[in-house]
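Take a look at the fold below. The paragraphs that follow lead through some of its helices and how they meet.

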Amino acid sequence: MSDHEDKHEESLLEKISEKVKGHDLSSSSSDSDDDKPSESSMKAKVFRLFGRERPVHDVFGGGKQADIFLWRNKKISAGALGVATVIWVLFELLEYHLLTLVCHLLILALALLFLWSNAATFIHKSPPRIPEVQIPKDPVLEFAQALRFEINRGFAVLRDIASGRDLKKFLSVIASLWVLSIVGSWCNFLTLFYIVFVLLHTLPVLYEKYEDKVDPLSEKAWHEIKKQYAVFDAKVLSKIPKRPLKEKEKEKKKD
C-alpha cells in the first residue's frame, strides 16, 4: 500500500510540474507576442519619403504603368523611353512640326498600302488585310469622367486657396508656381514634358533600389525644413493678422 501511495504522489508531482512548465511556456509566448506589436510599431515609425506607407510599386498604382516606371518589363520600359526620345528629337532638335509629321506618315502609309493592294493581283499574292479601327465608347467615357473629376478637384483646391483659409497651402502653391515659371522660361513645354518623362523612368527605380540610404537623408532634410519653417512662422507668419473665426464659419455655411 505504501508503494502504491508513493507512486501516486510521484505521478501527481509530475503532473503539477508539467502544468507549471506549460504555464511558463504560454506566458513566455504571450510575452513574445506582446513584444511583436512593439517591433512592428517600431518598423512603422521608420521615416519614408513623402510619408508613404506602401511600397513604391503600389504608390504608382500597382498595375502596368507601375511595371513600366519601375522597369519590371524592360522591353516595354525601354520602348516607351525610346519612343519619347525619338519624338523629342524630331520636334525639338530637328524642328519638325506635328502637322507636317502626321501628314508625311499618312502619305507614306497610304501610298504603300495602295501600291501593295494593286500589285497583289499581278504577283498573285493576297492583298494586305487592313484592320477596321474603331475607338471604343466605354474607355473614352471613363477617361473623360476621370479627367473631369480631376479638373473639378483642381478648381476646388484653387478656390480653397484663394479664399484665404490656409496660409501655408497658399504659400506652398505660390512657391511651386514661381519655380515652375522659372523652369518654363528655360525650356519649352515639349522639353519640360520629356524631362519629366525621363525622370519618371529613372528616379523611382533608383529610389526603390536605394531607399534604405535615401530615406535617412530625406529625414534629416525634412527636419531641417521644418526647423526653418518654424523660424519663418515665428518671425513672419504669426505676425500676419488673421480673420476672425466667425467670418470663416459663415463662409463654410454658405459653401
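**Helices and their contacts**

Residues 170-200 are 94% helix and 0% strand, and the end C-alpha atoms of this span lie 27 Å apart. Helices (H or I, at least four residues) and strands (E, at least two) are DSSP runs, numbered from the N terminus. This is a predicted model: local features need pLDDT of at least 70, side-chain atom pairs count only at pLDDT 80 or more, and totals for chains, interfaces and linings use all residues. Residues are numbered from 1 along each chain as its sequence is written, and side-chain values use heavy atoms, without hydrogens and water.

An unreviewed UniProt entry places "transmembrane region" at residues 76-91, 97-116 and 170-200. Such annotations may be inferred rather than shown by experiment. Residues 97-116 are 95% helix and 0% strand, with end C-alpha atoms 29 Å apart.

Now take helix 4 (residues 74-93). Its axis lies 10 Å from that of helix 8, at an angle of about 165 degrees. Axes are lines fitted to C-alpha atoms, for helices over the stretch in contact, and angles run from 0 to 180 degrees between N-to-C directions. Helix 4 and helix 8 are therefore roughly antiparallel (over 145 degrees). In contact (heavy atoms within 4.5 Å), helix 4 residues including W88 and F91 meet helix 8 residues including Y194 and F197. This contact has nine nonpolar, four polar and one charged residues.

Helix 8 (residues 189-209) also comes within 5 Å of helix 9 (residues 211-235), axis to axis, crossing at roughly 95 degrees. That makes the two roughly perpendicular (65 to 115 degrees). Here Y207, E208 and K209 of helix 8 meet E211, V214 and D215 of helix 9.

Definitions and conventions
Angles under 35 degrees count as roughly parallel, over 145 as roughly antiparallel, 65 to 115 as roughly perpendicular and the rest as oblique. Ala, Val, Leu, Ile, Met, Phe, Trp, Tyr, Cys and Pro count as nonpolar, Asp, Glu, Lys and Arg as charged, and the others, Gly among them, as polar.
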